Amino acid sequence: MRAARYHDYGSADVLAVEDVPEPHAGPGEIRIKVTAASVNPVDWKLRSGAGRAAFPVAFPAIPGRDAAGVVDEVGPDVTGVTVGDRVFGLGGLFGASAEYATLTAWAPVPDPWTLEQAAGAGLAVATAGRGLDALGDLSGRTLLIEAAAGGVGSAAVAMAVARGAVVIGTASEGKHAFLRGLGAVPTTYGEGLAGRVRELAPGGVDLALDAAASGSLADLVAITGSADRVVTVADAARAAELGVRHYYAENDSTVLAEGAALGARGGYAPYLAATYPLDRIAEAHREAELGHTQGKIVVTL
Ligand SMILES: NC(=O)c1ccc[n+]([C@@H]2O[C@H](COP(=O)([O-])OP(=O)(O)OC[C@H]3O[C@@H](n4cnc5c(N)ncnc54)[C@H](OP(=O)(O)O)[C@@H]3O)[C@@H](O)[C@H]2O)c1
């Protein structure tokens, strides 16, 4: 099968499309014929070697944590899904940017989404859901989301609004209309955030979710009044210093089903900033690495 691969750490230039052996669905897994795979920050952090202390890469590596496509193999012990179903979901840290990929968590693609959009939902929804779950009951709570227009942030806004929160989201001004469309009250990030948020929420901010890793975690603690009221999915190092909880996404089909159900009733439609054919995956990585993606970037197979 065709897959993007790299044989050493480096810039996006190390990515090449090669012929590689197909994976097969093991116990608890399904295999999909991939329509599109997501490009996530973890893909270029692993590829560049920036994450090698915690997550050393076994070469050659196929980048890609999540994808969408059509089920073509169902592994032993798997129920509730059949060959031909359209699904999106998560595999391991690698393997999704390929013609075939195995998944261990998945959900049906809701009717309003294309398969390309669904490819952008897996890790975003799983991460957003993990962070929001940790913040507890959101009904009637005012929640500040840092980096609200990115892949994780935009999923978190939609899910938090659906859970009953009043959401204030940060992004640069050009993305404020996008945030309003998701149901958030937008503001800019950076210096003076506390003052801007105070004007938008005179009654105070109850909770905050950080998806930025921009160095603002201490500000989020000050704005909410306590490290207990803040969760980050992006900044493990500062979280440890400040006593803030940090979470990784889990391969959890239940939270993917929540995202899909929200999509089915029009509450969340993954926004695609760009779609690249697999042959141009290096460009997709370069664009993602700039750190200003609105929604998601995907590669198509
Ligand atoms: N824990 C996990 O399991 C997990 C899973 C997925 C992702 N993550 C991490 O979560 C973070 C977000 O992931 P993602 O996929 O959503 O990334 P992303 O899509 O690349 O995020 C891009 C967004 O970040 C915003 N941004 C850039 N600089 C900012 C700043 N200084 N303050 C606030 N927002 C800023 C940008 O807004 P503007 O363009 O308006 O500047 C843009 O919309 C990354 O650090 C990623 O590594 C963790």
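This text goes through a sheet, the helices lying across it, a pair of helices in contact and the surroundings of a ligand. The model is predicted.

Start with the sheet. Strands of a sheet pair through backbone hydrogen bonds, either parallel or antiparallel. Here six strands form an open sheet with parallel pairing, in the order S10-S9-S8-S11-S12-S13. S10 (185-187) and S13 (245-246) stand at the edges with a single partner strand each, so one side of each has no neighbour in the sheet. S10 pairs with S9 (residues 166-170) over three bridges, in the parallel sense. Within this part of the sheet, Thr-170 stands opposite Thr-187 in S10.

Helices lie across these strands. H4 lies across S8 (142-146), S9 and S11 (207-210), and runs at about 165° to S9. H6 (residues 193-200) lies across S8, S9 and S10, at about 155° to S10.

Another contact joins H1 (residues 41-48) and H10 (residues 281-289), whose axes come within 9 Å and cross at roughly 105°. The two helices are therefore roughly perpendicular to each other. On the H1 side, Pro-41, Asp-43, Trp-44 and Arg-47 take part, and they meet His-285, Ala-288 and Glu-289 in H10. By type, the residues of this contact are three nonpolar, one polar and three charged.

Pro-41 also appears at the ligand, where 31 residues form the surroundings and the closest are Pro-41, Gly-150, Ser-172, Ser-214 and His-292. This shell consists of 17 nonpolar, 12 polar and two charged residues. H1, H3 (122-135) and H4 (151-162) each supply at least two of its residues, and the largest share, three residues, comes from H4. Domain 1 (2-121 + 270-300) and domain 2 (131-246) both give residues to the shell, so the ligand lies between them.

Methods:
Residues numbered from 1 in each chain as written. Predicted model: local features only at pLDDT ≥ 70, side-chain atom pairs only at ≥ 80, totals over all residues. Axes fitted to C-alpha atoms, helices over the stretch in contact; angles between N-to-C directions. Helix = DSSP H or I, 4+ residues; strand = E, 2+ residues; numbered from the N terminus. Parallel < 35°, antiparallel > 145°, perpendicular 65-115°, else oblique. Contact = placed C-beta atoms within 7 Å. Nonpolar A, V, L, I, M, F, W, Y, C, P; charged D, E, K, R; others polar. Near = placed C-beta within 6 Å. Domains from an automatic or database assignment. Pairing = 2+ DSSP bridges.
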